[in-house]
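Hi,

Here is the structure I promised to pass on. Have a look at it first, and then read my notes below.

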Amino acid sequence: MQAWQVHQLGEPSEVMRLQDVERPVPGDGQVLLKVRAANINFPDALMCRGHYQVRPPLPFTPGVEICGETEDGRRVLASPALPHGGFAEYAVADAAALLPAPDALDDAEAAALHIGYQTGWFGLHRRAGLEAGETLLVHAAAGGVGSAAVQLGKAAGATVIGVVGGAGKAAVARELGCDVVVDRRAEDVIAAVKEATGGRGADVIYDPVGGEAYTQSTKVVAFEGRIVVVGFAGGTIPAPALNHALVKNYSILGLHWGLYNTKNPKLIQHCHEQLTELAARGAVKPLVSERVPLAGAAAAVQRVADGLTTGRIAVLPSLADGASA
């Protein structure tokens, strides 16, 4: 089979190599899956660089979420068991963690309903307790993680403010359903959010960026607001001033979704049921901005790493080389 492999760490476009390799052999409790769609996540780029908290042994195949097909023909969602990731024709995954792919979504959309939407659901509902009528601020609202949070916020009855970088991403955020869109390249984020909220600020802030975005969050969080720290795509890990959190009476909530796989896997199943129901009634629909063949995976991972994409890019091994959708 064909699979992308990383033999040394560095930029994805430089270290990912498409090679002919043997199909992976499932271990105890694992299953072999034919990859129907593998979505690109920022952690895939971090893994190539050696900057992710999970460091699979070299060589490894990136790709942390897929829609796959079991040997008996079932469509399932899975997080492949590294080092045999999803940017390949076949992957292996833990049998106990497989989730049924929603009938309402195609392969690429189904794969995208997994990590980003699970993270959004846990962050907004489990951690922050978002309520209808509250104001939700989402940083990087047009990205893969942010777009999921925007849709989930709207589905929960919140007013959603999306912060993006650039006019193109602002248009995407509006299409996703943001009530207010702030282009950080053209506007003062703090002033714009305060104006949009009448000076009150946002009740819940969803931050997959870190750095300057986090600093802005602390200045626009409402009384008894909650800042959900999801990741550091901006490259800088902030150092919170706890005296500021005390004086302004807000909460800083960390979210590492992957821990629920071992700490409370039943919650992941419950979340998937909620997401499947939302997808069935059209309340959420993953934004898949591009579908590329397996040969285009390395270039696409690099575009995600460079912050040049919106929504998710899906790698479809069955798509002919040179084609895109």
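A residue counts as buried here when its relative accessible area is under 20%. Keep in mind that this is a predicted model.

With that cut-off, helix 12 is a good place to start. Its buried residues are Ala297, Ala298, Ala300, Val301, Gln302, Val304 and Ala305. That is 7 of the 9 residues of helix 12, so this helix is largely enclosed by the rest of the structure. What do the buried residues of helix 12 pack against? Their neighbours are strand 1 (2–6), helix 1 (12–15), strand 2 (16–20), helix 2, strand 14 and strand 15. Just after helix 12 comes Gly307, which has a positive phi near 70°.

One of those neighbours, helix 2 (residues 42–49), packs on helix 12 with the axes 8 Å apart and at an angle of about 100°. The two helices, 2 and 12, are therefore roughly perpendicular to each other. On the helix 2 side the contact uses Phe42, Asp44, Ala45 and Arg49, and on the helix 12 side Val301, Gln302, Val304 and Ala305. Sorted by class, the contact of helix 2 with helix 12 has 5 nonpolar, 1 polar and 2 charged residues.

Next, strand 15 (residues 312–316). All of it is inside: 5 of the 5 residues are buried, so strand 15 is largely enclosed by the rest of the structure. In a regular strand, side chains alternate between the two faces of the sheet. For strand 15, Arg312, Ala314 and Leu316 sit on one side and Ile313 and Val315 on the other, and both faces are covered. Yes, that does put an arginine, Arg312, among the buried residues.

Which strands does strand 15 pair with, and in what sense? Strand 3 (residues 30–39) pairs with strand 15 in the antiparallel sense, over 2 bridges, and here Ala38 is opposite Val315. Strand 14 (residues 288–293) pairs with strand 15 in the parallel sense, over 5 bridges, and Val292 is opposite Val315. Between strands 14 and 15 the chain passes through helix 12 (residues 297–305), and this β-α-β crossover is right-handed.

Now for another sheet. This one is open, has 6 strands in the order 10-9-8-11-12-13, and pairs in parallel. Strand 10 (180–183) and strand 13 (251–254) are the edge strands, each pairing on one side only. From one strand to the next the twist averages 20°. At the strand 13 edge, strand 12 (residues 221–229) runs parallel to strand 13 and is joined to it by 4 bridges. Arg226 has Ser251 in strand 13 as its bridge partner.

Two helices on this sheet are worth displaying. Helix 4 packs on the sheet and touches strand 8 (135–139), strand 11 (202–207), strand 12 and strand 13, its direction making about 150° with that of strand 11. Helix 8 (residues 212–220) lies across strand 8, strand 11, strand 12 and strand 13, and runs at about 160° to strand 12.

Helix 4 (residues 115–127) has a helix partner too. Its axis and that of helix 11 (residues 265–280) come within 10 Å and cross at roughly 100°. That makes helix 4 roughly perpendicular to helix 11. In helix 4 the residues involved are Tyr117, Gln118, Trp121, Phe122 and Arg126, and they meet Leu267, Ile268, His270, Cys271, His272, Gln274 and Leu275 in helix 11. By class, the contact of helix 4 with helix 11 comes to 7 nonpolar, 4 polar and 1 charged residues.

Last, a residue on the outside. Is Arg174 in helix 6 (residues 167–176) buried or exposed? With a relative accessible area of 52%, Arg174 is exposed, because the cut-off for that is over 50%. Its C-alpha atom is separated by 35 Å from that of Thr61, which is 113 residues apart from Arg174 along the chain.

Cheers

Notes:
Residues numbered from 1 in each chain as written. Predicted model: local features only at pLDDT ≥ 70, side-chain atom pairs only at ≥ 80, totals over all residues. Heavy atoms only, no water. Axes fitted to C-alpha atoms, helices over the stretch in contact; angles between N-to-C directions. Parallel < 35°, antiparallel > 145°, perpendicular 65-115°, else oblique. Contact = heavy atoms within 4.5 Å. Nonpolar A, V, L, I, M, F, W, Y, C, P; charged D, E, K, R; others polar. Buried < 20%, exposed > 50% of the residue type's maximum accessible area, 1.4 Å probe, protein only. Pairing = 2+ DSSP bridges. Right-handed = clockwise from strand over helix to strand, strands pointing away.
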